[in-house]
Structures are given as C-alpha cells and as structure tokens.
Amino acid sequence: MGLPLPGSLEELQRAKAPVTLSLVIINTLVYLATSYENMFLEVSDKWVGMFAFVPAYFAKPEHLYRLFTSMFLHANLAHIFFNMLFLYTFGKGVEAVLGSRRYLVLYLLSGILASFFHTAFLPLEGASSAFVPALGASGAISGVLGAYLLLFPGTRLSMCFFFFIIPICFTMRASAYLIFWFATQILQGLLPGASLGVAVFAHAGGFIGGIALLPLLVSSERLGLLRFYSSMFSFFRNIFFPERGISRTGKYIVAFLIGLVAVVAVYSAIAAEIMGGISKVLTFNVTHDNTSESESIIMQLSPGGKLDVTPIASSGVRVVVNRLKALNVLYMVEEAGKTVSIQRDARRPVNGVPVDISLRASFSYDQYGLLDSGTGFLTTDVLACDPYGYCSISGTNSYQFSVSTEETIVGFKGIPIVELSIISFVASVFAVQNVLRAERYAIIE
C-alpha cells in the first residue's frame, strides 16, 4: 500500500499529542517485552497464547480481556513499525481535534469494534478462522483513519512505493488514499483466499467504527473553532471551491462500500445458524519435571474434517496436545462413542522435525469421534526453536496428563455472531449517515 509520510496540516498537526505518543511508546515497549526471547524479530508464542484475541473465546467469557490486550501485541518488526508509523502520522491531528481523553476513547472503542466485526464475519471467513489468533493495533488505528477521513480529507500526503530499492514518491489527497485503502480491505475480505490470514474485516470494522463514533465524541464548539481557524488560511479557495469535505463521488464510493459491509453482516447473521463445525472446550492437566500445569483449550472440527486447536500458553500442555495431534488421536471417528486403550510408539513430524513419541493412554471419545476425556503418560523428544522458526531436538521428556470436557459446542454456538452482526450492521448504518454529511466535520478540505 505504500509508505505514508506526513504532509502539511498547518499549525493543527503540530499540536501536542500526548496520547498518540504514549500509545506509540506503550506498544513499542510491549513489543520489546514480548519479543526479546526471539531477538526482537517476532513475538513469542507464549504471549500470543496468553493475550491474543481468538474469536472462539467468546464461548468463555473469562477470556474476553483479550479484546483489550490483543491491541498491544504485534507479530513482528514490520508489523509494529508500520502500525506505529500510521498511528503517529494520522493520530496527531485527530487527537488535536477530539482532545486527548475522547481520542483515547475513539481509539479503544474502534479496536474493540474491529474484533466484533472480525468475529461477526466468521461464516464468511470460515469456521477455522474462529481459532486463529488476531493481534495488533491495526483495528484501533483503522478507527483513527476513519475519523481522519472525515476531519482532514484535503490533507496532502506524500506516498512512497519502492521499485526494488528505488523509492517512487508522489503526493495525493488523504481522502483518495484512505478510500482506496478501505476498498482494498473490503475486496480482500470478499475474495476467497485474498486476505492471506490478515483480519481485513477487523481493519474495515475499525475504520467504520471510527466514522460512526466521531460525531459522538467530537465537541461541536471545538470543531467550529478549528474549522474557522482553518478557513482563515484557505479563504480564497473556499470562495472559488465552496464544496467542503469528501467529494460527492468519494462519498458515494465510501457509502457503497460501508453498505456492502452491512449487507455482509446480514448474510453472516443468517449463515451462522446453518454453518460451522463441532467445537469442544477441553481442560488438560499436565505434570512434568515436578511442575503441574492446567489450561483450557478449544478444539474445533470443521465440516470438511479439518481439526484446529486454539493457541496454548503452557509449555507442557502445548507439548502434550501437539503430540496427540501428531498421533491423530484427538479425533478418531472410528472410535466414536467408545472408551479405548491406546499404546503407540511412533516417529511423527512436529514443526517440521521428526520426533519420537511413546503414548500410553485410556481415552473416551464422544459421538463425533472427538476426544472427550482420559488419562495418559507420554514420553517424547522435545524441540527448541530459534527466532527464525528453525527447530531441533533438545532432549527427551515425560509427561503425565489427564483431560476432561468442559463443553461441546455445535456450529457457532457460544460465539455471539448474530448479536455482533447486528452491532456491525448498526455501526455501518451510522457510518453511512456520517459519510453522506461529511462536510459537517471537515476541517482541512
């Protein structure tokens, strides 16, 4: 999408922005703390397991803190760099208009709405997306971009694209860039396989959230003063070009795109009742090296027979679950409704490395063939992985474990897709209204 560089926002852009700067610092410090184990190249898996947002966790309310914590995790250096660049570039002006407190509310609520949109559109993205961890400030920053579109549509941005190592730079209106960016998010979300694992509907939802929330948070008196101040520097342009804000064509394009999202929200609410697989909330208790660990995970069987498991924070639980998955004993359709004794000695690939696994267990399976309960003893090679993803065997360890079922979920039951789709639809309706009257909010047109 190119590299945006700050353009001229006159005196307003040079105003102090303590919240924007604080958010950049906090996000950077969190990234350093969560990636130091990987030489600061990428976030550690344990932090993803503990704090990333996973849509399936809507079925377990005690995990809803992840709606907030996931906004401060970033996957790698490029992720944190570009997010903070966009936040600093676009956040300063929005904070100057809203004031620090209201700006922070916009930022946080946009981030939460982004997760709502992402979850609401699971039927479109596929049931397995419910188990893919989402992290990053992109949704919250998208809300800032949405507010920026209404407030500063005429701001000039310098965009740089790189052809090999040669930068190609040009200047364009902020409204043109942001509308184009928003359109790409919608198209990637609607085209099968185009999003490549990126939560594009979270980006779109945050953007829509920022547009919908702006009129609720902006002070009309403050906005009026800033618009008057801005008009003093563009008096003659306002005489000859009286149209303020986004162009009429731009309004129609944005309104159409948001309306398309609203239609998709309705489809998602309907499809949620007839789609989805089978999910189980399992509690694993693992003892190894005189250490006891306990963690609940969610295992989901898609209609096509694919098995997905939520990220696991505890090292011992993660080893046991990964080995059981490698041995194909988490799902055994031929053992549905039975209790069986399992003795297996095998060499199977885990993270691309063949490891020796020895399992002695007694497992019960439910009517779908998914592991329901049991106890076992596992001896296996243990892997050590470097920041580049290369793993090697570092030793052998033994694990004693038990597993029990907390809940079985059919389809998307437990995930409030219908309710979140309604929220997404309502936010989209408000956003369309605000776009069609964008001239009320434009400061630099």
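Where is the place of Phe40? Phe40 sits in the loop between α2 and α3, and the first close-up below starts there. This is a predicted model, in which local features need pLDDT of at least 70 and side-chain atom pairs count only at pLDDT 80 or more, while totals for chains, interfaces and linings use all residues. Residues are numbered from 1 along each chain as its sequence is written, and side-chain values use heavy atoms, with hydrogens and water left out.

**View 1. A nonpolar surface patch includes Phe40 and Tyr36.** Leu21, Ile25, Leu29, Leu32, Tyr36, Phe40 and Tyr88 together offer about 670 Å² of accessible area. Patches take residues with over 30% relative accessible area and no salt bridge, joining like charges within 9 Å and nonpolar side chains (Val, Leu, Ile, Met, Phe, Trp, Tyr) within 5 Å; areas come from the Shrake-Rupley method with a 1.4 Å probe, and for residues only the protein chains shown count as cover. Helix α2 (residues 18-35) gives the most, with 4 residues; helices (H or I, at least four residues) and strands (E, at least two) are DSSP runs, numbered from the N terminus. Tyr36 lies in the loop between α2 and α3 (45-51) and is partly exposed at 48% relative accessible area. Phe40 is also partly exposed, at 38% (buried means under 20%, exposed over 50%, partly exposed in between, with a 1.4 Å probe and protein chains only). Look at its backbone too: Phe40 has a positive phi near 65 degrees, although it is not a glycine.

**View 2. Strands β7, β8 and β9 pair through antiparallel bridges.** Strands β7 (residues 339-350) and β8 (residues 353-365) share 12 bridges, and Gln343 is partnered with Arg360. Two strands count as paired if DSSP finds at least two bridges between them. The β7-β8 hairpin has 2 residues between its strands, with Asn351 in the turn at a positive phi of about 55 degrees. From β8, 9 bridges lead on to β9 (residues 371-385), with Ser362 opposite Thr375. In this second hairpin 5 residues separate the strands, and Gly369 has a positive phi near 90 degrees.

**View 3. Lys280 and Asp366 bring distant parts of the chain together in a salt bridge.** The N to O distance is 3.1 Å, and the partners are 86 residues apart, with Lys280 in strand β4 and Asp366 in the loop between β8 and β9. A salt bridge here is a side-chain nitrogen of Lys or Arg within 4 Å of a carboxyl oxygen of Asp or Glu. Lys280 is buried at 0% relative accessibility, and Asp366 is buried at 10%. Asp372 joins these two residues in a network of salt bridges.

**View 4. A disulfide links Cys385 and Cys391.** The structure holds 1 disulfide, defined as a pair of cysteine sulfur atoms within 2.5 Å. Here the sulfur atoms are 1.9 Å apart, and the link is right-handed, with 105 degrees about the S-S bond. Cys385 is partly exposed at 42%, whereas Cys391 is buried at 8%.

**View 5. Helix α8 is largely enclosed by the rest of the structure.** That description fits because 14 of its 14 residues are buried. The end C-alpha atoms of α8 (residues 138-151) are 20 Å apart, in agreement with the expected 20 Å, which is 1.5 Å times one less than the number of residues.
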